[in-house]
Amino acid sequence: MTKSFVTIADLSKEKIMSLLEAAARFEANPNRKTLDGKVIATLFFEPSTRTRLSFETAVNRLGGRVIGFSDAATSSSSKGESLKDTIMMVSNYADLIVMRHHLEGAARYASEVSPVPIINAGDGANQHPSQTMLDLYSIYKTQGTLENLNIYLVGDLKYGRTVHSLLMAMRHFNPQFHFIAPKELAMPNEYKLYCKEHGIKYVEHTDFTEETIADADILYMTRVQRERFTDLMEYERVKDVYILKADMLKGTRDNLRILHPLPRVNEIAYDVDESPKAYYFQQAKNGLYIREALICDCLNIIES
Ligand code: CP
């Protein structure tokens with residue numbers, strides 16, 4: 001049976017901690033020959049900078065080779081080839097497939113038809129579990145723990161797959177969540193229900209002020225995703241509703257770190273980049289190490 005990574009919900013606390021420990025070992029020594037002779041496919045049906053390039057860098061740094069596409073228009077899916085046929089074809093050539101797709105559930109479906117492991121690199125507004133693993137690694141590195149943290153999720157909580165996955169992963173660690181979103185982009189009921197079922201504490205806010213974020217350990221900013229809106233007038237109404245500025249950080253905790261899955265549009269002002277509390281570029285760098293760990297785990301390869 002292949003070992004795909006489709007949803008963060010599949011990972012136990014022990015498994016999460018073990019992957020974080022593996023990521024730390026890869027960070028200490030990222031260049032190895034662990035994937036010598038392996039071919040990894042990256043199939044990106046949606047645009048990406050960080051996820052695709054960090055997966056591909058992970059393969060390159062581990063001595064493997066990469067095939068794939070970054071624009072579905074250049075693949076035969078543009079001629080009408082089904083996702084199943086694409087996966088069956090690529091699995092003839094590659095040992096593992098990393099896939100991003102605009103349809104929710106596409107990664108699950110691919111994992112059910114694929115003879116080789118699938119890593120979900122984002123499926124619509126559903127999940128982005130490798131992003132969550134790098135978020136957890138970033139939180140662990142900056143806070144020294146994942147337990148009992150005040151985590152503020154800000155912006156597009158409706159379509160933001162990274163916040164959905166992070167919420168689910170944190171169920172093991174007794175977080176206090178704060179959801180800051182305009183009502184049009186509020187956390188969907190299914191995730192609030194998930195919180196209730198798993199005893200995850202949360203408070204909802206519509207205000208985004210210095211006072212609201214005063215006791216945050218993690219401030220997780222998100223982009224309002226134009227590509228998810230069917231009504232562009234609604235996008236225009238909400239796109240600039242929350243902007244983090246350096247002034248707002250004056251009364252915040254010393255240990256506060258600002259995360260963002262990136263890309264940003266204008267929800268974090270550029271003056272925040274100078275703050276020692278800004279961690280989003282290091283966060284993206286952490287993606288390399290966690291993806292080295294995930295690829296090896298899915299291929300059942302012991303680190304060498
Ligand atoms: N965080 C993230 O998924 O970025 P990309 O869309 O650039 O891959």
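**Exercise 1. The shell**

Task: In this predicted model, which residues surround the ligand?

Solution.
- Step 1. List the shell: S48, T49, R50, T51, R100, H128, Q131, P261 and L262 surround the ligand.
- Step 2. Sort these residues by class. The shell divides into 2 nonpolar, 5 polar and 2 charged residues.
- Step 3. Assign names. P261 and L262 count as nonpolar. R50 and R100 count as charged. S48, T49, T51, H128 and Q131 count as polar.

**Exercise 2. Polar contacts and burial**

Task: Which atoms of the ligand lie 2.9 Å from an N or O atom in the side chain of R100 or H128, and what does Q131 approach?

Solution.
- Step 1. Take R100. An N or O atom of its side chain is 2.9 Å from a ligand oxygen.
- Step 2. Take H128. Its side chain also places an N or O atom 2.9 Å from an oxygen atom of the ligand.
- Step 3. Take Q131. A polar atom of its side chain lies 3.0 Å from a ligand nitrogen.
- Step 4. Add the surface. The ligand alone exposes 250 Å², and the protein buries 91% of that.
- Step 5. Locate the site. The ligand takes up the space of the largest pocket.

**Exercise 3. The two domains**

Task: Which domains supply the shell around the ligand?

Solution.
- Step 1. Set the bounds. The domain assignment gives domain 1 (8-126 + 287-298) and domain 2 (129-284).
- Step 2. Place the shell. Domain 1 and domain 2 each contribute at least three residues to the shell.
- Step 3. Relate the domains. Their C-alpha centres lie 25 Å apart. Across the boundary, 30 residues of domain 1 are in contact with 28 residues of domain 2.

Definitions and conventions. Residues numbered from 1 in each chain as written. Predicted model: local features only at pLDDT ≥ 70, side-chain atom pairs only at ≥ 80, totals over all residues. Heavy atoms only, no water. Near = heavy atom within 4 Å. Polar contact = N/O pair within 3.5 Å; in protein donor to acceptor, adjacent residues only side chain to side chain. Areas by Shrake-Rupley, 256 points an atom, 1.4 Å probe, with all protein chains shown as cover. 1 Å grid on protein atoms, 1.4 Å probe; cavity = no way out; pocket = protein on both sides within 12 Å on 5 of 7 lines; lining within 4 Å. Sits in = over half its atoms within 2 Å of the grid points. Domains from an automatic or database assignment. Contact = heavy atoms within 4.5 Å.
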